[in-house]
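Dear colleague,

I am handing over the structure we spoke about, and it follows directly below. My notes on what was found in it come after, and I would be glad if you read them alongside the coordinates.

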Amino acid sequence: MTAPDRVTVRGTPVVGGVAYAPVMWPGPRPALPAPGPAPEDLDAEVDRFRSAAASVADRLRARASAATGVAAEVLSATAAMAEDRGWIGTAEKSIRAGSPAPNAAAEATETFVAMFTKLGGLMAERVTDLKDVRDRVLAELAGQPEPGITTPDHEVILFADDLAPADTSGLDPNRVRGLVTRLGGPTSHTAIIARQLGIPCVVAVGDLHTVPEGTLVVVDGSAGTIVVEPDAEQARADVAASRRAAEETARWTGPGRTADGVDVAILANVQDGASARTAATHPVAGVGLFRTELAFLDRASEPTHDEQTALYREVIEAFAASEAGSKVVIRTLDAGSDKPLLFADSGTEANPALGVRGLRVAFAHPGLLERQLDAIAAAAEQTGGSPWVMAPMVATAAEARDFAADVRRRRLVAGVMIEIPSAALLAPAILAEVDFVSIGTNDLTQYTMAADRMSAELAQLTDPWQPAVLALIERVAAAGRAADKPVGVCGEAAADPLLACVLVGMGVTSLSSAPAAAAGVGAALARVTMAQCMAAAHAALDTAAPADARAAAAAALRS
Ligand code: PEP
Ligand code: MG
């Protein structure tokens, strides 16, 4: 355990693992240009700007073609930003209005940064990428080397305000052992690349600048902590323990079970036949969440009965022959807000996250839900499978009752998602109406904390370890225990090995998330007893802050 008098800074954990090395901060970015005299030859200045932007784009594209996977994708996306006609056109206008090329690049960037920030969500997370493109163009215009991170000659933990894709995509995981940023959210490029490199990563660390270059730190990517100048022996032991856990994860093949033999179904979230077939290659006992709306995002009109039946069949069949299990939980269309469907549109709404979305779309589009249930029933009959069916965004017990009646009429097993605080508070009444519930912690956290799940700025609030969220989950789990009905968790919380133990301790019976997370969760559960999970749940519920909840749960599991 870490000595209590060490300074610990905290952030949002995004990739697990423990690393111990000195801090490296990236070198300074190019200074923003001071106002300068208007260029004499405007056409020549426009050409100078355009050719600098084109060189930057070419270099990024060359690096993209030398990279693979996500790194290649993010580099191509950044290259496309350097070629963006809107951005280039805005800069050109500035030049023609009298700004030198560097000032024009900075002005155009400011315009787009303001626009992206206002749009929020994923767009706001691209601000860092845009500023990176600006800095590269400024360096090119000044004839300086490309800004970015120098390759260290020893192991380091990279600290930064935020990292652009072009910074992160070239990182060598043998040298850069961990990533820590002051900004960024769980979906930022830093997080995506850290996941691909498999190195621990913590983002949104407010007081990061208190830790200077060269300081020895331990980064714990599961706990979201950075211990400054730790006890060296303890730090090495923590790194070794995390390595052992990674080895156990690599060896874990299921089934989901605590060390004392309590079964917990470890399931996968999928969105179509292909992702279901990929999921079936992981050690999962089936599908805990089939997000049907994601298969139809590009459709202008409602898919036909036959098209829908074929899709649902594919997912059921992907697990039909699986030795690990063949459970499939199909969620009816969760259209609206962050997942708009053209054929189930609710028009312009002032606040789509609180508008006609999820099950509410079915009320606004009579027949849509019934046709989907008919297709699911047909797929079940044709495959001989028995999928469970659940509705998203249920707010009241009456909605649960009506939905369950529609589902049971087709001889299917009926459940609802608990992702609105009202549903969590009314869990006993809702469970009385259905056969099972599944907690969508992504939305439950968003609505409990009144914080947009896509906002990087609010990452500290949209953390499922927020004790208020844990309290609601525990209420649902307790209702499930009392009713003796299954309570699953199918939000991203189910991918966090430490939180998984807490959820199981509360009485959650299945955990469904990205299939890649299954082994980590399964291996963590296999190391602990149900009594330890229950102690971890109690300890976490007894706190008032996410970091304290994590620390309390981890301590309870160790003892
Ligand atoms: C959730 O909200 O946790 C959930 C699983 O649903 P989605 O992420 O699709 O909204
Ligand atoms: Mg949801």
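Is arginine 411 buried or exposed? In this model, which is a predicted one, arginine 411 counts as exposed, at 78% relative accessibility. The residue sits in the loop between α14 (397-408) and β13, and its phi is near 55°, a positive value in a residue other than glycine. Glutamate 229 also has a positive phi, of about 45°, although it is not a glycine; this residue lies in the loop between β8 (225-228) and α9 and, at 42% relative accessibility, counts as partly exposed. Most residues other than glycine have a negative phi, and most peptide bonds are trans. On the second point, please look at the bond that joins glycine 254 and proline 255, which is cis, with omega at about -5°, and where proline 255 belongs to the loop between α9 (232-251) and β9 (265-270).

The next item is the metal site. The magnesium ion (ligand 2) has Glu419 (OE) and Asp443 (OD) as its protein donors, which lie 2.1 to 2.2 Å from the ion. These two residues link distant parts of the chain, being 24 residues apart, with glutamate 419 in the loop between β13 (413-418) and α15 (421-425) and aspartate 443 in helix α17 (residues 441-449). Both glutamate 419 and aspartate 443 are buried.

As to the cysteines, a search of the whole structure finds zero disulfides. Why do cysteine 501 and cysteine 533 not form a bond? The sulfur of cysteine 501 has its closest cysteine sulfur in cysteine 533, but the separation is 4.7 Å, which is too far for a bond, given that a disulfide requires the two sulfur atoms to be within 2.5 Å. Cysteine 533 is likewise in no disulfide, the nearest cysteine sulfur being that of cysteine 501. Cysteine 501 is buried, with a relative accessible area of 2%, and cysteine 533 is buried as well, with a relative accessible area of 0%.

Lastly, a note on one serine. Serine 94 lies in helix α3 (residues 85-96) and counts as buried because its relative accessible area is 14%, which falls under the 20% cut-off. If its neighbours within four places in sequence are left aside, serine 94 is in contact with Ser99, Ala104 and Glu107.

With best wishes

Technical notes. Residues are numbered from 1 along each chain as its sequence is written. Chains are lettered from A and ligands numbered from 1 in the order in which they are written. This is a predicted model: local features need pLDDT of at least 70, side-chain atom pairs count only at pLDDT 80 or more; totals for chains, interfaces and linings use all residues. Side-chain values use heavy atoms; hydrogens and water are left out. Donors are N, O and S atoms within 2.8 Å of the metal (3.2 Å for Na, K and Ca); water is not among the atoms, so sites may look incomplete. Helices (H or I, at least four residues) and strands (E, at least two) are DSSP runs, numbered from the N terminus. Buried means under 20% relative accessible area, exposed over 50%, partly exposed in between (1.4 Å probe, protein chains only). Contact means heavy atoms within 4.5 Å.
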